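Visitor: I am new to this structure and would like a close look at a single part of it. Please take one buried spot and follow its surroundings outward, step by step.

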Amino acid sequence: MNVRYKSLLGQMAYVFISGLQLVFIPNVMLQLVGLPPTQEIWLRVMGVLVLALTFYYYAMARHGNDHVVRATVWGRLFFCTGLVLFVVLGYAQPPLIGFAVLETALALWTWQELRRSVSIA
């Protein structure tokens with residue numbers, strides 16, 4: 001395991017827990033962000049997709065390179081921007097921003113680890 005990618009293990013844990021929630025208890029997550037319960041399959045489908053991301057984060061933590069890991073930072077920040085925009089535009093309730101805050105913190109941790117590894121090398 002490459003020490004400079006250890007932040008991706010935190011990301012992997014967050015994504016894994018979120019994916020399990022979406023697959024097995026999706027209405028709990030909906031309730032957290034102020035949305036009504038549903039029986040739609042799409043949340044569970046999204047959960048499986050989110051769980052699939054854990055394989056990528058694990059592989060990057062073990063064998064990643066700086067370019068790919070840096071791309072995850074930008075992608076995660078893009079995702080956070082989308083969540084905040086959903087709230088600003090009235091499509092979602094403010095608690096959704098909590099997910100953006102956690103995701104941003106994890107992305108910034110990864111960015112900091114990348115910066116630290118460059119200054120050491």
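Guide: Leaving out residues up to four places away in sequence, R76 touches L8, Q11, Y57, E103, L106, A107 and T110. The model is a predicted one, and within it R76 has its place in helix 4, which covers residues 66-88. With a relative accessible area of 4%, R76 falls under the 20% limit and is therefore buried.

One of these contacts is also a salt bridge, since the side chains of R76 and E103 meet at 3.3 Å, taken from N to O. R76 belongs to helix 4 and E103 to helix 5, so the pair ties together parts that lie 27 residues apart in sequence. E103 counts as buried as well, because its relative accessibility is 4%.

The count of salt bridges comes to two, and the other one is found between E113 and R116, whose closest N and O atoms are 3.7 Å apart. Here both residues lie in helix 5, three residues apart, which is about one turn of the helix. An α-helix has 3.6 residues a turn, so residues three or four places apart point the same way. E113 is buried, with a relative accessible area of 7%, whereas R116 is partly exposed at 39%.

Another residue of helix 4 that repays attention is V73, which counts as buried at 4% relative accessibility. Once its neighbours within four places in sequence are set aside, V73 is in contact with A107, T110 and W111. V73 and L108 are 35 residues apart in sequence, yet their C-alpha atoms are 7.3 Å apart in space.

From R76 one can also move to L8, which is in contact with Y57, M60, A61, V69, T72, R76 and T110 when neighbours within four places in sequence are left aside. L8 is one of the buried residues of helix 1, and among the others are Q11, Y14, V15 and L22. Helix 1 has 18 residues and reaches 26 Å from its first C-alpha to its last, close to the 26 Å expected at 1.5 Å a residue.

L8 also has a place in the largest nonpolar core, a set of 21 residues in which L8, V69, L96 and F99 touch the most other members. Helix 1, helix 3, helix 4 and helix 5, the last of these covering 96-120, each supply at least two residues of this core. Helix 5 gives the most to the core, with five residues.

Y57, a contact of R76 and of L8, leads on to helix 3, where the buried residues are G47, V50, L51, T54, Y57, M60 and A61. Seen down the axis of helix 3, these buried residues fall within an arc of 165°, so they line one face of the helix. They pack against helix 1, residues 7-24, and against helix 4. The face of helix 3 that is turned away from this buried side carries the exposed residues W42, V48, L49, F55, Y56 and H63. Helix 3 itself, running over residues 42-63, has 22 residues and reaches 32 Å from its first C-alpha to its last, close to the 32 Å expected at 1.5 Å a residue.

A further pairing involves aromatic rings, for which the count comes to one pair. F86 and Y91 form this pair, which is edge-to-face, with 6.4 Å from centre to centre and 70° between the planes. F86 is partly exposed, with a relative accessible area of 41%, while Y91 counts as exposed at 63%.

Stepping back from the single spot to the whole protein, its secondary structure comes to five helices and zero strands. Along its principal axes, the C-alpha trace spans about 50 × 30 × 15 Å. Buried residues make up 35% of the 121 residues in the protein, and R76, at 4% relative accessibility, counts as buried. Among contacts between residues at least 6 apart in sequence, 69% join residues at least 24 apart. The salt bridge from R76 to E103 joins parts 27 residues apart in sequence.

Conventions
Residues are numbered from 1 along each chain as its sequence is written. This is a predicted model: local features need pLDDT of at least 70, side-chain atom pairs count only at pLDDT 80 or more; totals for chains, interfaces and linings use all residues. Side-chain values use heavy atoms; hydrogens and water are left out. Helices (H or I, at least four residues) and strands (E, at least two) are DSSP runs, numbered from the N terminus. Buried means under 20% relative accessible area, exposed over 50%, partly exposed in between (1.4 Å probe, protein chains only). Contact means heavy atoms within 4.5 Å. The expected span of a helix is 1.5 Å times one less than its number of residues. The arc is that of the directions from the helix axis to the C-beta atoms. A nonpolar core is a set of buried Ala, Val, Leu, Ile, Met, Phe, Trp, Tyr and Cys residues joined through side-chain atoms within 4.5 Å. Rings of Phe, Tyr and Trp (its six-membered ring) pair if their centres lie within 6.5 Å; planes under 30 degrees apart count as stacked, over 60 as edge-to-face and the rest as tilted. A salt bridge is a side-chain nitrogen of Lys or Arg within 4 Å of a carboxyl oxygen of Asp or Glu.
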